[in-house]
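I opened this one up at the bench to see what I could look up before planning anything. My notes follow, in the order I made them.

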Amino acid sequence: MIEMVWDGHPVCDVNAPRAVGPVRAEIRLASQVFPPDGAGYFTTCFHRGTTTYGRDWLFLESPGTGWFLGAVQSMQGEHYCEGDEHFYLDGAVSPQIHGTGSEDYYLGCFWPNLNYNSPFANCVGDIQEEGGGTFEGSYAVPSCYSRFHLEAPIPFFNRIDARIQHGGFDTISSRYASLAFSYLRGRPALVQTDSIDIGSPAGEAAHGYKADSSRPYGPIAASGSAGDSTRVSLGRRRMSTSTEICPAPGTIRTTMSTSAGSTPISTSIRGSRRGKIG
Amino acid sequence: MIANRFCILALSVLASPASFRAEGAPAGASERARSITPAQAAKIKYSTQRFEYLDVGETFVFRLKDGAERRIRLISVSEEKDSVIGLVRRAEVKVEIDGETIALTCAPYVMPTETRGLRIQADTTSAWLDIPKRVQFSLWDATDPIVDAKLFGFPLAGYRLFSHGMQAYNEPVHLGHRDGDPAGQRFYHNYGIDLAGYEGRQKVLSAIDGVVAGANPEQGDLTIKDDRGVIVHFGHLDSILSGIREGAQVKRGQWVGMLGRRGGSGNFSHLHVGIFLSDTDLSADRAARNLNLYPWVVAAYRSENDAGPFAVARPHKAVLTGEKVLFEGASSMAPGSSIESFRWESHDGTRAEGARAEKVYEKPGCYIASLWVKDARGRVDVDFCRVRVYSRSKPEDVVPTLFVTFEPSAGVLADRPVHFRIWPQGRDVSDIRVDFGDGATVQGYEPYSAITHSFRDAGIHIVTVTGTAGDSPVTEKVVVHVETASVSLDRLPILPGLHAVGQFSSHNKKGLNGDSRWRLYDDEHGDAVIFDVEGPGCVRSLWGTDIREGATFRFHFDGEDAPRYTIPLLEFYQGKHPLFPPPLASYERRGRWIGDISWMPSRIRIGPRASRKRPRHGRRPHRRSIPGRLSRSWMSSGPAASAGSSSRGNPPTPSFRM
């Protein structure tokens, strides 16, 4: 275990406009034995540069298994608020964790933020004060936020892809820096062994796919969360799916429901294609 | 050898050795009639309880705060004694309250009864204590707390109530060396309460604000006097902190020392908590024997801990072979719920459903009967009743017991060491074996030696200690409630167990700033649903901003139609609800212009269905377990996990939102 202790200064101030310090660090080493296949290494990902149009800012991307623990981030340039965090877990095509904006991710909200220090989230300094007292000037100085998911670290079993938008649409050009924290084992614990091409008669037949009473709903206006649960809004209608993940060969049953009713879906999994966890 | 069980108080405030006298008093010893006068009761600021004394046929009128009166008439009293040492074990006290007959149980571990706006307890009878009349009652207006927990706190840190042995009001002593044996000490513990614990590791906290009246580290005695002259006495401390000396100010909840077995402790490590009503009483070693501290201690503990239910299988039993033992589980408690089921389990595997059970023991020895309770929320607890069985033909002088301590007893985390220390009482016990209930055992345990054990899985673990004394079995059990840490840094390297996390968020699907007034859907009651999940799991944190007055959370679990919790959002985030206290609940302004941020890491467990809450609100992370591991995850939670989503209310000045 590495436990970092500091005395009010940020762990990492990558864009410090002035000397910071003194920073006091205390490293405590404790003897603790972990199972060889059951533990991850403390791993960080440092990323500094200029944001790219149309692409989320990368916190951490890696195959493997572990916990995503949070990040320290500095932003400077154009207005960087409303950048939603997007955390894609285990290869999901849409983020399981989708926030409402960078200032919210750091539990600040309603930018420009005041200086605050809480156990799991911080903003270093009064942003507008440091920006000369003007709204526009506040973007010109490097901000420094941190967020640690220690009360609820985010597990992943195959891959982690943690990103955050810059601005609400990834359209600003700013200088960003981030340091993301994780405990990571490079070998995935969850391996995809099969997939079903819904809509392909051959694919559906090969998997015994059945969707009773299924019918097209038309275009879905909103993206939902992937993973084993999907909820999307269709106006005032509600549609959801819940999937029973089958650890052994057998039948996977899913129910897709709307406010108008439910549609049971089932498919089979062969022994050779069973999901693997290890 | 401990020849004298009686504790000698060696307080620095005592004027001369001549004033020292025994703490305990043998049963039947002649003392002057004891009572608590109205003037003395008025000095006790920790509770509004009043003390009344009635003979059979007498009536007393109690005035409630709203002016209503309750007429209480004592109808009858009947006591029961054990057949081994002949001490009173319980009494049934029948009273008539405004014409309605109620049977009150007067016995150790019984909490007060509430009826018709009145809280009443039959504290003691003249068979236990020399009181002016037949029965002493404690009375409260039921709207008042049993004890004001802001003034009187639970005195042990990181301690789970009922985790260890206890000697409650009027209970014949039984934990110390030869306590309760025919050849040992035979008296009632009515001068306070004893809470057993791990010697030298268990922190002791001041129960009250006050000034240290005396501190004697050699004897382990500490007295703290409040501003009305009422004195709380802690006995047998292993150590007293260096700053805790005579004249020092202490605050309620302040760490003052460590639990121990100094002085006349009976060789069992415990904290004795007693009350003296004045300096004069302290000098004369005249403890307030009329004051039943058990309800105070329970109420103080419950006010500080979101815990429950509490199985209460106590008090202990002393019986002869062939005698029918009646077990009584009605003293069990389920704060905020009700107990749905009771199950008694005996050493021989026999079981009985119901609050009451009977058992006959054919061979002498020390046995344990386990009481399992389950409340309406599905929460489970277990407690143990120690039964000492003596030969009917010729009762043994001593039936030895095993005394078990462990630390911590609350907040025990999976994979974290728990320290155990065990020794026999009364006489030697051989072949001591410790079974931790998870497959791990220690054979040939050496009494008094310190051992540690880490429980891999969260949940309820029963540790069973067995041995033999001659041909007789000796058994003791304790329960360890193991939890999963909310934040456990040294567990983070351990890779996650298979489960899923997710969130519901008010994020604008088009990437815009307008992420207010969001909900999953409206339910049949018109409530905005912002979190709805099937399957076992745990809500780990909630976040929101711009919280408005009038908004209310309604938490539904396990398909319940009625919300289990209905909490105004402001109250929830400001930490005003006892289940979600600060500092974890956070409510502060972090934006320059508008908006308070509210955040609450929670450990709300969810069942197979859902929760509904009121709108304008935020972070709702949850954890979901994958089928195949459901029951384990539901019971034990596994490693902490989840992440959140967010939504916000309607910013009143959206022009500042970028």
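**Notebook: strands, cores and confidence**

Entry 1, a strand pair in chain B. I started with strand β1 (residues 50-54) of chain B, which pairs with β8(B) in the antiparallel sense over five bridges. This is a predicted model, so I kept the confidence scores for a later entry.

I looked for a specific partner across that pair: Glu52(B) has Phe137(B) of β8(B) as its bridge partner. Next I checked what else β8(B) pairs with. Strand β7 (residues 118-125) of chain B also runs antiparallel to β8(B), here over seven bridges. In that pairing, Thr125(B) is bridged to Val135(B) of β8(B).

Is β8(B) mostly covered or mostly open? Mostly covered: β8 spans residues 135-141 of chain B, and six of its seven residues are buried.

Entry 2, Leu54(B). I picked this residue since I was already looking at β1 of chain B, where Leu54(B) is found. Why does Leu54(B) count as buried? The cut-off is 20 or more other C-beta atoms within 10 Å, and Leu54(B) has 22, so it is buried.

Then I listed what Leu54(B) touches, leaving out residues up to four places away in sequence: Phe60(B), Leu74(B), Lys133(B), Arg134(B), Val135(B) and Phe137(B). I took one of these for a distance. Lys133(B) is 79 residues from Leu54(B) along the chain, yet their C-alpha atoms are separated by 5.6 Å.

Entry 3, a helix in chain B. I moved on to helix α3 (residues 294-304) of chain B, which is mostly covered, with nine of its eleven residues buried. Which residues of α3(B) are they? I noted Tyr294(B), Pro295(B), Trp296(B), Val297(B), Val298(B), Ala299(B), Ala300(B), Tyr301(B) and Arg302(B). The elements covering the buried residues of α3(B) include β7 of chain B and β12 (193-196) of chain B.

One helix residue I followed further was Val297(B). Not counting residues up to four places away in sequence, Val297(B) touches Phe154(B) and Ile193(B).

Entry 4, the nonpolar cores. The largest nonpolar core has 137 residues. Which of them touch the most other members? My list reads Val204(B), Ile275(B), Leu293(B), Val297(B), Ala369(B), Leu371(B) and Ile422(B). Apart from that core lies another one, of 53 residues, and among them are Phe68(A), Phe110(A), Trp111(A) and Ile160(A). A reminder to myself: nonpolar side chains tend to be buried together in soluble globular proteins.

Entry 5, a sheet in chain A. I found an open sheet of four strands in chain A, in the order β4-β12-β6-β7, with antiparallel pairing. Which strands sit at its edges? They are β4 (57-63) and β7 (97-98) of chain A, each pairing on one side only. Strand β6 (residues 85-89) of chain A runs antiparallel to β7(A), and two bridges join them. For a residue to click on, I used Phe87(A), whose bridge partner in β7(A) is Ile97(A).

Entry 6, chain totals. I tallied both chains.

- Chain A has four helices and 20 strands, and 37% of its 278 residues count as buried.
- Chain B has five helices and 46 strands, and 51% of its 658 residues count as buried.
- For contacts with a separation of 6 or more, residues 24 or more positions apart account for 64% in chain A and 69% in chain B.

Entry 7, how far to trust it. The model scores ipTM 0.74 and pTM 0.63.

For chain A, the mean pLDDT is 75, and 69% of its residues reach 70 or more. Where in chain A is confidence lowest and where highest? The low is strand β16 (residues 229-234) of chain A, at a mean of 33, and the high is strand β12 (residues 159-164) of chain A, at 96. Residues 1-17 of chain A stay under 50, and the model has 35 contacts for them beyond four places in sequence. Residues 217-247 of chain A are also below 50, with 67 contacts in the model beyond near neighbours in sequence.

For chain B, the mean pLDDT is 83, and 83% of its residues reach 70 or more. Residues 1-31 of chain B fall below 50, with 65 contacts beyond near neighbours in sequence. Residues 602-658 of chain B are below 50 too, and that stretch has 234 such contacts in the model. Where pLDDT is low, the predicted coordinates should not be read in detail.

Key:
Residues numbered from 1 in each chain as written. Chains lettered and ligands numbered in written order. Predicted model: local features only at pLDDT ≥ 70, side-chain atom pairs only at ≥ 80, totals over all residues. Core = buried A, V, L, I, M, F, W, Y, C linked by C-beta atoms within 7 Å. Buried ≥ 20, exposed ≤ 12 C-beta atoms within 10 Å, placed from the backbone. Contact = placed C-beta atoms within 7 Å. Pairing = 2+ DSSP bridges. pLDDT = per-residue confidence, 0-100.
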